[in-house]
Every structure is written in C-alpha cells, then in structure tokens.
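Q: I'm new to reading protein models and would love a close look at one part of this one. Could you walk me through it step by step?

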Amino acid sequence: MTRSARRTRRTLQVAGAGAAALLALSACSSSDDSSSSKSDTSASASPKMSGTVTVFAAASLKESFTTLGKEFETAHPGTKVTFNFAGSDTLAASITSGAPADVFAAASPKTMAIVTDKGDGVGTPATFVRNQLEIATLPGNPDKVTSLKDLTKSSLKVVLCDKTVPCGAAAQKALTASKLKLTPVSYEEDVKSALNKVVLKEADAAVVYKTDVHAAGDKVEGVEFPESADAINDYPIVLLKNAPNAVAAKAFIALVQSAEGQKVLSAAGFLKP
C-alpha cells in the first residue's frame, strides 16, 4: 500500500469514529430528555401535599384518628392534621353552619345525613368501621353488673349518651329491644363525657362503645351484653364540599380506608365495615 493510500485510510477511520461518537451522544441526549419528560409527568401526576387538613370526627375516634394523623404527617412532610372531636350531631351542625373543615367522620349514617342532605359532602360517604356498645363499670365491677337489666336497679347511678348522639341512640335501641326502662342520672353530650363520669367515680356505670372501654384501660371494667349486637353503628366518612385542602383530605381518607388504617382501627376495638 502506498503512503497516500495509508493516509486516506487513516482519515476515513477517524471520521467514522467521530460519527459513531456523535450518534452515541445523540442517543444519550434523547434518553435523558425522555427520562426528564417522564419524571416531569410523574411529578405533575402526584403533586406534593402541604398545609393543614381539618378533620371533624366522632369522639369515639379520638385515639385511633390521633394515631393516624401522626402517621399521615410523617408520610407527608409539610402537612398537619388537626382534629375536632365531639358528638357527631354537634359536628354535623357546625359543618352545616359553615365551619371550615376538610373531612367528616361520623358515628352513624343518620348524623352523616345531616351533612349530606344539605349538599355539604362530596360523593357517597363510605363506611370505614363499625362499633358496638359495652357497659363500663368501676374497676373490679364492685356492683356485680352482668347484664343490661342490672342497670335498671335503683341503687345504681348510671349515665347514658344523649339520645341525639349515635351512642345514645344505639343504647335506646338496645333498651327498647330488651323492653327495659332505664332512668339515668344524666345524659351526656358525647361518649367520652359518659365514660368520664365512671372514670371520675361520679357514676357506677355507663353504656358506651367497646372502643372507649378499651381506650380507658384499667380505669374502668367492660361488661358485654348480647343486646348490643342489635345496635351496632356504622361509621361513614366523607370529603366536605368546601374543603380548604381537598388534595390532602382525600389522601387522609385513603389512609383511613387502607390496610394500615384498618389495622390501627381494629387494634382500638372497632369492627370491620
């Protein structure tokens, strides 16, 4: 091969290598653009949540929802969950009067209807748990309460939830089914207030939810009664129409309904929906 031919061959090899490098760079650039585009799309599909989620929830949900609120804040840095725990009827009245809130979790479909019938809910409320009644007595059950009928003894100071509150309505349903008449020393505005009367030894017994007896630990003793099976309450949850933080509110509702949320609720004594 002549010197001229070798020079020509070397020039072609260099040109070919340069072209291959350009093609490789072009492919990498295209791949990076595609990856960037996918990343951008993913980010826009799952916007980062922030701000406060305000949840109005039945008093009996206090312990379990407080736990779920902390889990939500940990999973979504930059968010905060605040709660208003009270009797479901009181909460419903506040919502229909314009109180700002994102989520409503009620202790009965009847109290949820107060909100949804006014058009203040979004979509159909979903039942996420159920709850059953139990008698809370003083530690050690000194009055030997073993049945719902025992609560009718005149020597006992018994408290009930107000009849407008889900736990009170359920208690009345159980008493009516048993053909029993009970005159309590007081009607309390929510289940926690009724339970507290026993905890403070201001009453001998109260008809509350199993979950509240569970939450009270050794401060009270629980007594089951068969009539409670006929007065189980469904708990519905809904996103509110004028929710200030609807995106985060939907995520909190999803947590409540998730396997992890149900695990926390079951541990508190709630029944599966």
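Which strand is joined to strand 1 by 8 bridges, and how do the two run?

A: Happy to take you through it! A few ground rules come before the tour. This is a predicted model, where local features need pLDDT of at least 70, side-chain atom pairs count only at pLDDT 80 or more, and totals for chains, interfaces and linings use all residues. Residues are numbered from 1 along each chain as its sequence is written, and side-chain values use heavy atoms, with hydrogens and water left out.

The partner you asked about is strand 2 (residues 79-86), which runs parallel to strand 1 and is joined to it by 8 bridges. Two strands pair if DSSP finds at least two bridges between them. Strands (E, at least two residues) and helices (H or I, at least four) are DSSP runs, numbered from the N terminus. Within this pairing, Ala-58 stands opposite Ala-86 of strand 2. To get from strand 1 to strand 2, the chain passes through helix 2, and this β-α-β crossover is right-handed. That term means that, with the strands pointing away from the viewer, the path from the first strand over the helix to the second runs clockwise.

Strand 1 also pairs with strand 3 (residues 103-105), again parallel, through 3 bridges. There, Phe-56 has Phe-104 as its bridge partner. Strand 1 itself (residues 51-58) is largely enclosed by the rest of the structure, because 6 of its 8 residues are buried. Buried means under 20% relative accessible area, exposed over 50%, and partly exposed in between (1.4 Å probe, protein chains only).

Now look at Ala-58 again, since it leads us to a cavity. On a 1 Å grid over the protein atoms alone, a cavity is a set of points where a 1.4 Å probe fits but cannot get out, and lining residues have an atom within 4 Å of a point. Grid points are joined across faces, edges and corners, and a volume is the space filled by probe spheres set on the points. The model has 2 cavities of 30 Å³ or more, and the largest holds about 60 Å³. Its lining has 13 residues, and Ala-58 is among those closest to the centre, together with Ala-59, Ala-107, Val-165 and Val-191.

The second largest cavity holds about 30 Å³. Its lining includes Ser-60, Glu-63, Ser-64 and Phe-270. Helix 2 (62-75), the helix of our crossover, supplies at least two of the lining residues, and so does helix 7 (210-216).

Helix 2 also brings us to the aromatic rings. Rings of Phe, Tyr and Trp (its six-membered ring) pair if their centres lie within 6.5 Å; planes under 30 degrees apart count as stacked, over 60 as edge-to-face and the rest as tilted. There are 9 aromatic pairs in the structure. In one of them, Phe-65 and Phe-128 are tilted, with 5.9 Å from centre to centre and 35° between the planes. This pair links distant parts of the chain, as Phe-65 in helix 2 and Phe-128 in strand 4 (residues 121-131) are 63 residues apart. Both Phe-65 and Phe-128 are buried.

Tyr-235 and Phe-270 form an edge-to-face pair, because their centres are 5.5 Å apart and their planes lie at 75°. Phe-65, Phe-128, Tyr-235 and Phe-270 are among the members of one aromatic cluster, which also includes Phe-83 and Phe-85.

Methods. 1 Å grid on protein atoms, 1.4 Å probe; cavity = no way out; pocket = protein on both sides within 12 Å on 5 of 7 lines; lining within 4 Å.
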